[in-house]
Structures are given as structure tokens and as C-alpha cells.
Amino acid sequence: MCELADQFCNAIGVLQQCAPPASFSNIQTAINKDQPANPTEEYAQLFAALIARTAKDVDVLIDSLPSEESTAALQAASLRQLEEENHEAAARLEEVVYRGDMLLEKIQSALADIAQSQLRTRNGAPSQPSPAES
């Protein structure tokens, strides 16, 4: 809301500063469609767009507030359900991490066996099964 008030004040200030004085006795002669657009019209369009956008932002914020039908009990129930879902997701994540760790250990063991076999082959030693293969 403060932003909207600032934009209204700025718009009025710029209009007061830039607007040409108008003569009420001879209004029709002041209007000339052949004149190029003056900066006042550009300012008016700019501030109108800023004010409209800020008003829409305020509406979005108001719409995101809890409704009147949403009582404290309903909000608490919703929070409990979200906590339950969070705990279930955490348990699934822990299981996936555990399985990943087990798979990593198997891969590291297999890589160690491969490295040992390659070292024995290079050194000319006969290939012997490792204790893990027995």
C-alpha cells in the first residue's frame, strides 16, 4: 500500500511540475492535434501503468490471505497433514540414501577387486581369487 501511495504522490508531483497552465476561457484553442505528444502525456501513461500494476499486486496479496472460512482448527489440521507428508517423504529419502550407500560400497569393492587383478596381471603374478570372491 505504501508503494501505491508513493506512486500517486509522485504522479501528482510530476504533473504539477510539468503540466502547462491551462486557460479555462479558451480551452478549444489549447487543443491542437498537430502538436507532438508532450512529456506530460508520457508521464501520465507511465504513472497510470505503475499504479495499475501496484493495484494488481495488492489484489494478489489480498487473495493469498487465508479466507474467512479457514478457521484455526482447519489451518492446524492442514499443518498436521503437511507435517505427516513431510515425515513420510523424509523416511523415503532416508531409505533411498541407505540403498545408495549400499550400492556405493558394492561398486567400491568391485573397483578394488579390479584394481588388485590389474596389479597382479602387471606384476606377472598368477591371478588368484580375492577373499571377496570366495
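The side chains of Arg-99 and Glu-95 meet in a salt bridge, with 3.9 Å from N to O. That is a good place to start, since a search of the whole structure turns up 1 salt bridge. Please keep in mind as you read that this is a predicted model.

**A pair on one helix**

Where do Arg-99 and Glu-95 sit? Both belong to helix 4, and they are 4 residues apart, which is about one turn of the helix. Glu-95 has a relative accessible area of 41%. Because this value falls between the 20% limit for buried and the 50% limit for exposed, Glu-95 counts as partly exposed.

**The overall layout**

Now step back and look at the protein as a whole. It has 4 helices and 0 strands, and reading along the sequence gives the pattern α-α-α-α. The chain has 134 residues, and 8% of them count as buried. The accessible surface comes to about 11,700 Å². Carbon and sulfur atoms account for 59% of that surface.

**How confident is the prediction?**

The mean pLDDT of the protein is 80, and 76% of the residues reach 70 or more. Which helix has the lowest confidence, and which the highest? The lowest is helix 2, residues 27-30, with a mean of 50. The highest is helix 4, residues 72-123, at 94. Helix 4 is also the home of the Arg-99 and Glu-95 pair.

**Two patches on the surface**

Try finding Glu-3, Asp-6, Asp-57, Asp-59 and Asp-63 in the structure: they gather in a patch of negative charge on the surface. Helix 1 (2-18) and helix 3 (39-64) each supply at least two residues of this patch. Which helix gives the most? It is helix 3, with 3 residues. Asp-59, one of the patch members, lies in helix 3. Asp-59 is partly exposed, at a relative accessible area of 45%.

The second patch is nonpolar. Leu-103, Ile-107, Leu-111 and Ile-114 make this surface patch, which covers about 380 Å². Ile-114 is found in helix 4. With a relative accessible area of 46%, Ile-114 is partly exposed. A residue joins a patch only with over 30% relative accessible area, so Ile-114, at 46%, passes that cut-off.

**A cysteine and a distant partner in sequence**

Cys-18 is placed in helix 1 and is partly exposed, with a relative accessible area of 31%. How many residues lie between the positions of Cys-18 and Glu-41, counted as their separation in sequence? They are 23 residues apart in sequence, and their C-alpha atoms are 9.9 Å apart in space.

**Side by side**

Here are the partly exposed residues discussed above.

| Residue | Relative accessible area |
|---|---|
| Cys-18 | 31% |
| Asp-59 | 45% |
| Glu-95 | 41% |
| Ile-114 | 46% |

Methods:
Residues numbered from 1 in each chain as written. Heavy atoms only, no water. Patch = residues over 30% accessible without salt bridge, like charges linked within 9 Å, V, L, I, M, F, W, Y side chains within 5 Å. Areas by Shrake-Rupley, 256 points an atom, 1.4 Å probe, with all protein chains shown as cover. Salt bridge = Lys/Arg side-chain N within 4 Å of Asp/Glu carboxyl O. Lys, Arg positive; Asp, Glu negative; His and termini not counted. Charge placed at Lys NZ, Arg CZ, Asp CG, Glu CD. Buried < 20%, exposed > 50% of the residue type's maximum accessible area, 1.4 Å probe, protein only. pLDDT = per-residue confidence, 0-100.
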